[in-house]
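Welcome to a short tour of one chain. Please have a look at the model below, and then we can go through one helix and a few charged pairs together.

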Amino acid sequence: MLNKYENIHTTFEKIDEINLTSRTPFILTVNWDNVKYEFLIRANSSSNELLVFGSGAYDPAKMKPPIFQRHSWTEHFDSNMIYYNDPTLYLGQMSLGWGHGNDDTFFLEKIAKVIEKLMTKMSVKAEDTLFYGSSGGGFMSMILAGYIKGSKALVNNPQTIIPNYYQTHVNRLLEAAHPSLPTEESVKKYVTRLNVLEFFKEINYMPYIFYLQNTACDHDVVKHFMPFVRGLNTLKDTLTYNRLTVEMYSNKEQGHNPLELEDTIYYINKVKNTK
């Protein structure tokens, strides 16, 4: 399905030369330090808002990276829109990489720098930028909003502590990303890439987060939501004040899956209009 999009290749230094005047979506591939960062972009010069979408796990039997989940949603919004692929997926056999990167590079930090350059070209301010994602995309949205200070994150059933996720997925990630280290050592060494709260401590900042949680998904509640909420008291009060809104719902059929399109659109519009 991605074949219908034009693919433009560039480097980080030459992003400024990209033409963003057309509203036709296209894929931008940024080659930076031997890593391929891919973005699906739909620009709208008449909008000063930006929506950034992250992807969760995908089915390798049905698709392969780059993964731009919900890319058909561009027709539902007038905002500038950016979807980003996680280059971690190219490191090994995994369906979820959380933007983790390799020994040398935290890929989400580089993705944030590319997005900041694109924001400048779109004349979009951080306070008019919203990161959305569910599951692994929710984790990445919180990290990216942390890097781009002033932006907001809307997350639905996200992971907050990656080692608390299902061990098969965690092991695949860490073995591919850090092949020379035992998994236990990787968890200790890269804790700020694996735990949202530890990342916020490291950067001494927490973005505004609107957290949607399905209480019918026990794994999410016990392993990710509750540790995140309890752990907030380990941050400085000045970092957390008025920074988190939580809305709970219960839907046994949906479980870990995110809310449907109509409900998600409602929350996106609600959060992006929050001042």
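## Helix H9

Helix H9 (residues 261-272) has 12 residues, which should span 16 Å at 1.5 Å a residue, and its end C-alpha atoms are indeed 16 Å apart. The expected span is 1.5 Å times one less than the number of residues. Helices (H or I, at least four residues) and strands (E, at least two) are DSSP runs, numbered from the N terminus.

Which residues of H9 are buried? They are Thr264, Ile265, Tyr267, Ile268, Val271 and Lys272. Viewed down the axis of H9, these buried residues fall within an arc of 165°, so they line one face of the helix; the arc is that of the directions from the helix axis to the C-beta atoms. Buried here means under 20% relative accessible area, exposed means over 50%, and partly exposed lies in between (1.4 Å probe, protein chains only). The buried residues of H9 pack against strands S4 (50-53), S6 (129-134), S7 (152-156), S8 (208-214) and S9 (244-249), with contact taken as heavy atoms within 4.5 Å.

## About the model

This is a predicted model, in which local features need pLDDT of at least 70 and side-chain atom pairs count only at pLDDT 80 or more, while totals for chains, interfaces and linings use all residues. Residues are numbered from 1 along each chain as its sequence is written, and side-chain values use heavy atoms, leaving out hydrogens and water.

## Salt bridges between distant parts

There are five salt bridges, each a side-chain nitrogen of Lys or Arg within 4 Å of a carboxyl oxygen of Asp or Glu. One of them joins lysine 110 and aspartate 33 (3.1 Å, N to O). Lysine 110 belongs to helix H1 (residues 107-122) and aspartate 33 to the loop between strand S2 (26-32) and strand S3 (35-42), so the pair ties together parts 77 residues apart in sequence. Lysine 110 is buried, at 14% relative accessible area, whereas aspartate 33 is exposed, at 56%.

Helix H9 comes back here, as lysine 272 meets glutamate 49 in a salt bridge (3.0 Å, N to O). Glutamate 49 sits in the loop between S3 and S4, 223 residues from lysine 272. Lysine 272 has a relative accessible area of 15% and is buried.

## A pair within one helix

Lysine 201 and glutamate 198 also form a salt bridge (3.1 Å, N to O). Both lie in helix H6 (residues 196-203), three residues apart, about one turn of the helix. An α-helix has 3.6 residues a turn, so residues three or four places apart point the same way. Lysine 201 is partly exposed at 33% relative accessible area, and glutamate 198 is partly exposed at 26%.
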